[in-house]
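Biologist: Before we discuss this model, I would like each descriptive term to be set against the rule that earns it. Could you show me the structure and then take my questions in turn?

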Amino acid sequence: MNITQDRLKILEIMSRLSIDRASRALSKSLRTGARISLSKVFVADLSETTEKMNEDQREMISVMVDFKGNEGCRLLFMLPLEGSLILTDLFLRQRIGTSKECDVFTESAVQELGNILASHISNALVSDFNAKLIPQPPRVHNDYAGVIFSNLVLEQGMVNDSILLIETIFEISGSKLECYLFLVPEMKSFAKLLDSIGVGT
Amino acid sequence: MITVGVGDLKITQAPSILKTLLGSCIGVVLHDPVKRIGGLLHIMLPKKNGTDLKITKYANTGLPYFIYQMVTHAGATRGALYAKIFGGAKMFETNGLLNIGESNELEVRRILKDEGIRIVASRTGGTKGYNIVFDTGTGDVTCRIFGEATVIY
């Protein structure tokens with residue numbers, strides 16, 4: 001996969017803007033500080049990056065959202081099962097520690113979080129960069145971290161040995177939630193978007 | 001303990017432990033119980049569809065390469081090799097893809113049969129991920145499907 005440093009830099013700026021907007025929207029919904037900050041935008045070797053994720057054998061709950069439109073992209077948010085209980089309490093505006101087990105409320109909370117993140121990320125890209133991104137219904141899945149991550153990169157991995165990955169740090173104030181949030185842009189369509197806003201190859 | 005990523009191959013001599021996580025991918029373990037040499041191949045897709053892609057991602061190119069590496073470079077005896085296979089789950093009902101897990105499994109079984117390597121144990125299918133840990137000394141594979149009890153194969 002060939003991508004210039006200039007293009008990576010622009011993608012980083014676009015990601016930062018859209019993630020900031022999603023972060024603010026999430027804080028509003030949860031009525032607490034939710035801070036999502038961009039960690040890095042990079043081209044990762046498929047085997048190396050999945051090897052690293054396979055080290056994390058925790059059981060997680062995840063939400064994955066595909067974006068259709070002119071620009072293809074996939075979003076993955078995942079957190080450990082115990083963290084999802086905190087998230088459920090925050091969404092239901094109840095004291096942290098009230099939810100005791102993963103149930104339909106937990107799944108619903110994670111699904112809602114996926115909706116909020118996806119819609120605000122796509123809104124930012126549509127309004128600021130004239131992209132056409134339509135979030136598809138979120139899919140919730142419980143599994144090992146490495147297995148969920150492999151699903152995220154499966155389609156990109158079919159046509160490339162490396163993947164373009166946007167990695168973030170996700171924090172919710174007052175809780176020790178350890179979460180993963182990744183975005184995997186479909187490189188061909190994003191190249192067109194970068195062309196359209198004048199970022200040359 | 002050595003972790004194997006998607007589309008990767010690791011071969012070692014005992015004492016060593018190889019581990020990986022599998023979704024729709026298939027994990028193939030080859031073991032020479034006499035020389036105590038073992039390897040784990042993490043196959044992502046059944047057939048290679050490009051010229052410059054990593055060959056160990058695909059069953060049709062990765063498996064022959066795996067066998068070749070086991071015998072030629074690691075020093076295993078071909079006649080002593082046996083296989084164990086895991087994974088091939090159908091992870092999402094609505095992901096628009098074909099059942100990759102099933103296609104992977106069928107291709108792996110076909111190639112191993114053609115290569116004359118016995119499959120002595122397998123656990124495939126389902127909708128959840130597999131956590132497998134392979135002991136190259138004993139040949140045992142400890143397999144835990146998400147949400148289920150651990151089983152040794």
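Biologist: What is the bridge partner of B:Leu22 in β8(B)?

Modeller: In this predicted model, B:Leu22 has B:Tyr130 as its bridge partner in β8(B), and B:Ile17 is matched in that strand with B:Asp135.

Biologist: What makes β3(B) and β8(B) a pair of strands?

Modeller: Pairing requires at least two bridges between the strands, and six bridges join β3(B) to β8(B), residues 130-135, with the two running antiparallel; the requirement is therefore met.

Biologist: How do you know that β8(B) also pairs with β9(B)?

Modeller: The same rule of at least two bridges applies, and β8(B) and β9(B), residues 141-145, share five bridges in the antiparallel sense, among them the one between B:Ile132 and B:Cys143. The hairpin of these strands has five residues between them, and B:Gly139 takes a positive phi near 85° there.

Biologist: Why are β1 and β10 of chain B called edge strands?

Modeller: The open sheet to which they belong has the order β1-β3-β8-β9-β10 in chain B, with mixed pairing, and β1 (2-3) and β10 (150-152) each pair on one side only.

Biologist: What leaves one side of β2 and of β7 in chain B without a neighbour in the sheet?

Modeller: Five strands of chain B form an open sheet in the order β2-β5-β4-β6-β7, again with mixed pairing. Because β2 (9-13) and β7 (118-124) stand at its edges with a single partner strand each, one side of each has no neighbour in the sheet. Direction ignored, neighbouring strands of this sheet are turned by 15° against each other on average.

Biologist: How do you know that β4(B) and β5(B) are paired within that sheet?

Modeller: Residues 26-32 form β4(B) and residues 37-43 form β5(B), and seven bridges connect them in the antiparallel sense, against a requirement of at least two. One of these bridges sets B:Gly27 opposite B:His42.

Biologist: Why is B:Arg36 called partly exposed?

Modeller: B:Arg36 has 18 other C-beta atoms within 10 Å; since a buried residue needs 20 or more and an exposed one has 12 or fewer, B:Arg36 falls in between and is partly exposed. B:Arg36 belongs to the loop between β4 and β5 of chain B. Beyond its neighbours within four places in sequence, B:Arg36 is in contact with B:Gln13, B:Ala14, B:Thr136 and B:Gly137. B:Arg36 and B:Thr136 are 100 residues apart in sequence, yet their C-alpha atoms are 6.1 Å apart.

Biologist: Is B:Ala59 buried or exposed, and how do you know?

Modeller: B:Ala59 has 28 other C-beta atoms within 10 Å, and because 20 or more suffice for the term, B:Ala59 is buried. B:Ala59 is placed in helix α1 of chain B, a helix that lies across β2, β4 and β5 and runs at about 165° to β5(B). Residues up to four places away in sequence aside, B:Ala59 touches B:Ile43, B:Pro46, B:Asn104, B:Glu107, B:Val108 and B:Ile111.

Biologist: Why are α3(A) and α4(A) called roughly perpendicular?

Modeller: The axes of α3(A), residues 81-91, and α4(A), residues 104-129, come within 9 Å and cross at roughly 80°; since angles of 65 to 115 degrees count as roughly perpendicular, the term applies to this pair. The residues of their contact divide into seven nonpolar, three polar and one charged, and they include A:Leu85 and A:Phe91 in α3(A) and A:Phe105 and A:Leu113 in α4(A).

Biologist: What makes α5(A) largely enclosed by the rest of the structure?

Modeller: Of its 15 residues, 12 are buried, so α5(A) is largely enclosed; A:Ile148, A:Phe149 and A:Leu152 are among those buried residues. Helix α5(A) also bends by about 50° at A:Val153, which is itself one of the buried residues.

Biologist: How many residues of chain B are in contact with chain A, and which strand gives the most?

Modeller: In chain B, 22 residues are in contact with 20 residues of chain A, and strand β3(B), residues 17-22, gives the most to that side of chain B, with three residues. By class, that side has 11 nonpolar, eight polar and three charged residues.

Methods:
Residues are numbered from 1 along each chain as its sequence is written. Chains are lettered from A and ligands numbered from 1 in the order in which they are written. This is a predicted model: local features need pLDDT of at least 70, side-chain atom pairs count only at pLDDT 80 or more; totals for chains, interfaces and linings use all residues. The bend at a residue is the angle between axes fitted to the seven residues ending there and the seven starting there. Helices (H or I, at least four residues) and strands (E, at least two) are DSSP runs, numbered from the N terminus. Two residues are in contact if their C-beta atoms, placed from the backbone, lie within 7 Å. Ala, Val, Leu, Ile, Met, Phe, Trp, Tyr, Cys and Pro count as nonpolar, Asp, Glu, Lys and Arg as charged, and the others, Gly among them, as polar. Axes are lines fitted to C-alpha atoms, for helices over the stretch in contact, and angles run from 0 to 180 degrees between N-to-C directions. Angles under 35 degrees count as roughly parallel, over 145 as roughly antiparallel, 65 to 115 as roughly perpendicular and the rest as oblique.
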